[in-house]
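Okay, thanks for having me in the slot today. I'd like to walk through one model with you, mostly the charged side chains and where they sit.

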Amino acid sequence: MKRHTFALGGAGLMLGISLIAAQAQTVAPTTPPAPPQFDAQQTPTFVGIADILEFKALPEYHEPDYVRAFVDAGKLPPVAERLPKEPLVYKTGNMPDGTGVYGDVIRHVIGGRPEGWNYSAGQTQGWGGIDIGLSECLTRTGPLFQVKAEELAPLPNLAKSWEWSEDGHELTMHLIEGAKWSDGDPFDAEDIMFYWNDVLIDPQVTPLNGASPETFGEGTTLEQVDAYTIKWTFKEVRPTQYLYSMAYGNFCPGPSHILKAEHPAYKDGATYDQFKNAFPPEYLNMPTMGGWAPVEYRADDIIVLRRNPYYWKVDENGNQLPYLDEMQYRLSTWADRDVQAVAGSGDLSNLEQPESFVEALRRSAEDSAPARLAFGARTISYSIYPNLSANGWGEPDARGQAVRELNRNLDFRKAISYALDRQSLGEALVRGPFTSPYAGGLMVPTSYYDDASTVYYPYSLEDAKALLEQAGLVDTDGNGFVNFPADVQGGADVEITMLSTIDYQTDKSLAEGVIAQMERLGLRVISQSQAGNQRDANEQAGKFDWTLRRNDSELITVVQNTQNLAPTGPQISRGHRAGTDGTQDLLPFEQEMVDTVNAFVGTADPAERIELMKTYQHLFTENVYGIGLTQYPGALIINKRFANVPAGTPILQFNWAEDGLIRERLYVPEDAQTTNELHPDTLPGAPGKGNGPIASN
Ligand code: BQZ
């Protein structure tokens, strides 16, 4: 196509173009196209929280025979002494296949790689459920997909109960009493306060998933009342939202008896870097409150975990959990996780890459298929987040700064949205009823979604080009790509770097599709595609112009991680964090989003909350805070030998399926058990580099 361009002089001409462009608007904003009908294959049986669990002492407790041998050999205290006064008891009525039997292994396959065990200092263990299993948190939300709407509230976990003060500003929390870390060290409020004071409050430390003090509300304080009691004090009145924030990802305390010794606040001369890296993957038997502790690590091959003999959860017959003695994480790729789960050499996968859908469906449909596959609701979505900071977040160079100024221009963001052919992007991933154009913002499965409040800028290259000109960008040198105005970057071509991860084919496919579609618009986008850990680090540091990524659960649940819905604090948002001076240069609509989210957190009135989320959704989508791309359902693939798999477990809702499944309750009936354990009849040994599993004799 021949491009007619004019060498434009001063602002006057630009104004002329802008007025013409403004009149050229042809396709008005609308609401998103209705996603093709796609019903989740299974629906959960909705229950109350008390139907799932309670905390109480039982008359007797049991353990696997091989663990009893450790007791008999004097290597472990009796099981009753290894359990808290009132263990967490899972109710039989909520177990799809009743109380289980001990034995066998669950074999995960993951695409991430462990940096080390220091979750508190921001190290990943490779994702795919390993950090979810190792990091028990004050409350728990993964299983909430099965809780009745009228009873929806975070499950008790390390915090077994809590009560609010009369004025609603104080929340007193009671920790589980007498529980122990997997190395036998007592769990108590000291672990909580170390996490609060020396991880969250310490500005030099950021835990994995990026929690900061603002995650629990501006100005919130936490104090220890006694060994098993803590007290939160909030500015807001009864902000129940923050109980969700105390679940996985945000308040999952580490073993302070091990961590403190390496923390610069307690170890003279230690650096924060040394603290973060003090527990490399080779440091085994890292103490955990989770069901299994790491006993073997082989780089790029496997992590093996063995049951935690001090795990503080039991079934109603007093059997100490977990039922499964071993957990493995094969260090491979995310695509291989799907292949191995379908083939039966792996046991579980969240089918989340549409490129794998057809083959996975075909293989799972065969009678001989070793695994079950069940699709859930459309809870997977992808967006582009433009970096909206203009005051130094990520320390951009002159080009980067000029791009951020563009990002802050609504006409520019709308131009990008109009230029996207979302239908084609989705169909390039997989044909069929799966993908659907996504405007951005709240996702359809949340009860707070309101279509009429969702502004959708449909595909119109003509409108996109007109808006680009309105934003001051014209192809002044006729090379097919728009240029900055003459007084910006010397009128060079606009070049935008787009951050994405190479860990998933889907991310790569979408990035390629977006770059090609932006070229049609005349905008040069350069791929900044890298491994997930690196992408996460660059994203959190603001070192990007745009970041293309899969969305997290707050856009599905709203009530969890609500604070992440807007830049409610300096270190919260994906696309806009504080600049080098610690302040946030929020755009007016962003401030309105923050005020709306804070008002939502501050009220318990259901009708008010619904209206506030309509306001939020309109602000988000009309102002293109994030540029939605596509949305689609995921499917849970799990080996058929496992019992106690809750029907309708979504791969992502309040958390990933690895949390929602309640893996500590999964079991394999004796006649279906395999010999796949790599370290049978062993337990985690003492924490330390080069250590590993130990036998009873
Ligand atoms: C699920 C999940 C469990 C992180 C990760 C990974 C990281 C992101 C995200 C998903 C993986 C799996 O997702 O894709 O199915 O098993 O681990 O944690 O994408 O790179 O930073 O947010 O959860």
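Let's start with a quick one: is E262 buried, partly exposed or exposed? With a relative accessibility of 24%, E262 goes down as partly exposed. The cut-off for buried is under 20%, so E262 isn't in that class. Its partner is K267: the two side chains form a salt bridge, 2.9 Å from N to O. K267 is partly exposed as well, at 34% relative accessible area.

Before I go on, keep in mind that this is a predicted model. Mean pLDDT for the chain is 95, and 97% of the residues reach at least 70. Strand β13, residues 313-315, is where confidence is highest, at 99, and helix α1, residues 11-23, is where it's lowest, with a mean of 48. Residues 1-18 have pLDDT below 50, and that stretch makes 14 contacts in the model beyond near neighbours in sequence.

Back to the charges. Searching the whole structure turns up 41 salt bridges. Take R641 and D104, whose side chains meet at 3.4 Å, N to O. These two sit 537 residues apart, with R641 in the loop between β23 and α21, and D104 in the loop between β2 and β3. And both ends are buried: R641 has a relative accessible area of 10%, while D104 is at 0%.

Here's another one that reaches across the chain. R107 pairs with D347, and the closest N and O atoms are 2.7 Å apart. R107 belongs to strand β3, D347 lies in the loop between α10 and β15, and 240 residues separate them. R107 is buried at 11% relative accessibility, and D347 is buried too, at 0%.

Now, which buried arginine goes without a salt bridge? That's R663: the nearest side chain of opposite charge is E664, 6.1 Å away. A salt bridge needs N and O within 4 Å, so E664 doesn't qualify as a partner for R663. You'll find R663 in the loop between α21 (657-660) and β24 (682-684). What does R663 touch, then, once we skip neighbours within four places in sequence? Its contacts include W292, Y329, H108, M327 and E658, along with G129 and G133.

There's also a network to look at. R535, D536, E539, R549, D552 and R574 are joined into one by salt bridges that share partners. Some of those names come back in helix α17, residues 532-540, where the buried residues are G532, R535, D536, N538 and E539. Covering them are, among others, strands β19 (495-501), β20 (524-530) and β21 (546-550). After α17 comes G542, with a positive phi near 75°.

Last stop, helix α14, residues 422-429. Its buried residues are R422, L425, G426 and L429. Why do they end up on the same side of α14? Because they span an arc of only 95° around the axis. The general picture behind that is the usual one: an α-helix has 3.6 residues a turn, so residues three or four places apart point the same way. As for what covers the buried residues of α14, the list includes α13 (410-419), β18 (436-437), α16 (505-521) and β22 (627-632).

That's my tour; happy to go back to any of these.

Definitions and conventions:
Residues are numbered from 1 along each chain as its sequence is written. This is a predicted model: local features need pLDDT of at least 70, side-chain atom pairs count only at pLDDT 80 or more; totals for chains, interfaces and linings use all residues. Side-chain values use heavy atoms; hydrogens and water are left out. Helices (H or I, at least four residues) and strands (E, at least two) are DSSP runs, numbered from the N terminus. Buried means under 20% relative accessible area, exposed over 50%, partly exposed in between (1.4 Å probe, protein chains only). Lys and Arg count as positive and Asp and Glu as negative; His and the chain ends are not counted. Contact means heavy atoms within 4.5 Å. pLDDT is the predictor's confidence in each residue, from 0 to 100. The arc is that of the directions from the helix axis to the C-beta atoms.
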